[in-house]
There are 2 protein chains.
Amino acid sequence: MSETLGARTDDPTRFDKLNAALKHTAQAVERTLDQVLPQPEGLHARIPEAMRYAIFAGGKRLRPFLTLASSGLFDVPKERALRVAAAIEALHTYSLVHDDLPCMDDDDLRRGRPTTHKQFDEATAVLAGDALLTLAFGILADPATHPSGEVRSQLVAKLAQAGGADGMIGGQMIDILAPERDYGEAEVILLQALKTGALFEFACEAGAILAEKGEDDRKRMRDFSRGFGLAFQIADDLIDVLGTEEEAGKAVGKDQEQGKATLVSLLGIDEAREMAARLAREAVNALSPYGQAADDLRALPFFLLDRPA
Amino acid sequence: MSETLGARTDDPTRFDKLNAALKHTAQAVERTLDQVLPQPEGLHARIPEAMRYAIFAGGKRLRPFLTLASSGLFDVPKERALRVAAAIEALHTYSLVHDDLPCMDDDDLRRGRPTTHKQFDEATAVLAGDALLTLAFGILADPATHPSGEVRSQLVAKLAQAGGADGMIGGQMIDILAPERDYGEAEVILLQALKTGALFEFACEAGAILAEKGEDDRKRMRDFSRGFGLAFQIADDLIDVLGTEEEAGKAVGKDQEQGKATLVSLLGIDEAREMAARLAREAVNALSPYGQAADDLRALPFFLLDRPA
């Protein structure tokens, strides 16, 4: 099938290197997650069981990949980058577990499996989510993540900002309120910037923080993440409109059904595709100082837009 | 009324100084909380509104008091201690908001007011709880809390441990599973050590961490907190059995109704009272090196056991 979300595929091997890098990173971060997650032992074994069920559900591990790739630009030791990536994935996973709850998006299926509250129960899902969120900060604050307490504290402060009331959680609140409000393009862009953009931004900037780089490098990483994040979100929304449940690994068509505001519903499919391609090109521009070392990062937004639709 | 939870009151002015110190600390920590909590602004204003509703519900602010009192033993600047106390209260409040949810303890009333999910809705309560938990770590990691990044990271790591899967959250899981299990005294003591003890321990040890004290002082603070925490829990369970809804500010008789295991249900009222008084005396022993500076901390467990029943 030559029709894709964002562009026509001209070279079927174009993303082979990126695909291999994504798989390699996913395996490495899953090994780290296995080490840092608590073991299912004792009277409360159900909590680590549910945490592990939620975490080891597959998934592209996009945020860990961003952290590993940005760390690679700045020669950060891989073990440090993997710990930060694991923290980000723990926080991302908690947000999925809580968002899937009946009182929120009420999803039964996630990555083709029962959601955590369906597999266990609602109380366990709330608590396992809380524990994953708490663990994310515990991983960052551990001296194994970086020898400098200043760097560790900065990672914690930035993740708390990105994941907090004025970041990811605020975005989820705006999303939940969408059906009763009449959001325009500006509101939807803000919604996405908070709901998914803030954590992408942290995932990208983390490499520069771990390397104790200055504001120039940090800003480039943030600039890349902003274009990338919005392009990613448009691709995700296109899948909800155009994809099948099998491809998406979750229920599709839910945005429209639930009255969720997306750029695809506001702009239409064609214009949203064009916007995503434009954002991807802008994102890549921010990486120009980094030469070939940034090739995987450059390919990533186009790879996401190249998924079959 | 001369009958009390733990002992007969001989001197009605015995706790006047402690009472004044508790009120003073509560006011100071509430001012700090007002400064560090996000403002209800923007499209997601509902989140800070719910966070503030949950936080500013009154309450004794016992954990902040423990942090201020332990910091006072080690000459920690009060502003630093207040920030850590605010972080602990934010984390404690998130745990109340989530524990009150219909899928957990299903409580409609907390401190005499509708619980957060009754006042707002369940989704908002889940998210506001998540945001309070996230904020707790953000406060600790902020350079305003301590000039040393090592100290800030250590505070984050210890709070993540105390509040995590093998701490408070594990305790709540064990508590939820109680009706389908047959816990004995050892299991109930473990349950309480995790569910409430771990955070009390952090609140007490935080003073020594802020002062960069060695293991001797830290251990004394932990020893005090362990006896204190279990005595506090017994007092709380006695109120559930003996108190009125008006005194408790929440529904009473729920432990028995929900098949919750407590030391009061296992040992009976009289033996539980004796155990609490014994634990309080043991806790106070750990404070002997600190002279008069520790008088408020020494009085605290007896004050809690002295509440009318």
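This dialogue works through several features of a predicted model, from the overall fold to single residues.

Reader: I would like to start with the whole of chain A; how many helices and strands are there in chain A?

Author: Chain A contains 15 helices and 2 strands. To judge how such a chain is packed, one can set its radius of gyration beside the value from the globule rule; here the radius for chain A is 19 Å, close to the 19 Å that the rule gives for 309 residues, so chain A is as compact as a globular protein of that length. The C-alpha trace of chain A spans about 50 × 45 × 35 Å along its principal axes, and 53% of the 309 residues count as buried. Among the contacts in chain A with a separation of 6 or more, 73% join residues 24 or more positions apart.

Reader: How many residues does each of chains A and B give to the contact, and which elements of chain A take part with two or more residues?

Author: The contact takes 45 residues from chain A and 45 residues from chain B. On the side of chain A that touches chain B, the elements giving two or more residues are helix 2 (46-55), helix 6 (122-141), helix 7 (149-163), helix 8 (168-177) and helix 9 (185-210). The largest share of that side, 12 residues, comes from helix 6 of chain A. By residue class, the side of chain A that touches chain B divides into 25 nonpolar, 12 polar and 8 charged residues.

Reader: What can I say about the span of helix 6 of chain A, and is helix 6 largely enclosed or open?

Author: For the span, one compares an expected length with the distance between the end C-alpha atoms: at 1.5 Å a residue, the 20 residues of helix 6 of chain A should span 28 Å, and the ends are 29 Å apart, which agrees. As for its surroundings, 19 of the 20 residues of helix 6 of chain A are buried, so this helix is largely enclosed by the rest of the structure.

Reader: Which residues of helix 14 of chain B are buried, and where do they lie around the axis?

Author: The buried residues of helix 14 of chain B are B:Ala272, B:Arg273, B:Ala276, B:Leu279, B:Ala280 and B:Ala283. They cover an arc of only 125° around the axis, which puts them on the same side of helix 14 of chain B. On the other side of that helix, B:Asp270, B:Glu271 and B:Asn285 are exposed. The buried residues of helix 14 pack against helix 10 (215-242), helix 13 (263-267) and helix 15 (295-305) of chain B.

Reader: Which residues touch the most other members of the largest nonpolar core?

Author: In that core of 199 residues, A:Ala231 and B:Ala231 touch the most other members. Leaving aside neighbours within four places in sequence, B:Ala231 is in contact with B:Ala276, B:Leu279, B:Ala280, B:Ala283, B:Pro301, B:Leu304 and B:Leu305.

Reader: Where are A:Asp75 and B:Arg111, and what is the phi of each?

Author: The sign of phi is what to read here, together with whether the residue is a glycine. A:Asp75 has phi near 55°, a positive value in a residue other than glycine, and its place is in the loop between helix 3 (62-73) and helix 4 (78-99) of chain A. With 10 other C-beta atoms within 10 Å, A:Asp75 is exposed. B:Arg111, also not a glycine, has a positive phi of about 50° and sits in the loop between strand 1 (109-110) and strand 2 (113-114) of chain B. B:Arg111 is partly exposed, with 13 other C-beta atoms within 10 Å.

Notes: Residues numbered from 1 in each chain as written. Chains lettered and ligands numbered in written order. Predicted model: local features only at pLDDT ≥ 70, side-chain atom pairs only at ≥ 80, totals over all residues. Core = buried A, V, L, I, M, F, W, Y, C linked by C-beta atoms within 7 Å. Buried ≥ 20, exposed ≤ 12 C-beta atoms within 10 Å, placed from the backbone. Contact = placed C-beta atoms within 7 Å. Helix = DSSP H or I, 4+ residues; strand = E, 2+ residues; numbered from the N terminus. Nonpolar A, V, L, I, M, F, W, Y, C, P; charged D, E, K, R; others polar. Expected span 1.5 Å × (residues − 1). Arc of directions from axis to C-beta. Rg over C-alpha atoms; globule rule 2.2 N^0.38 Å.
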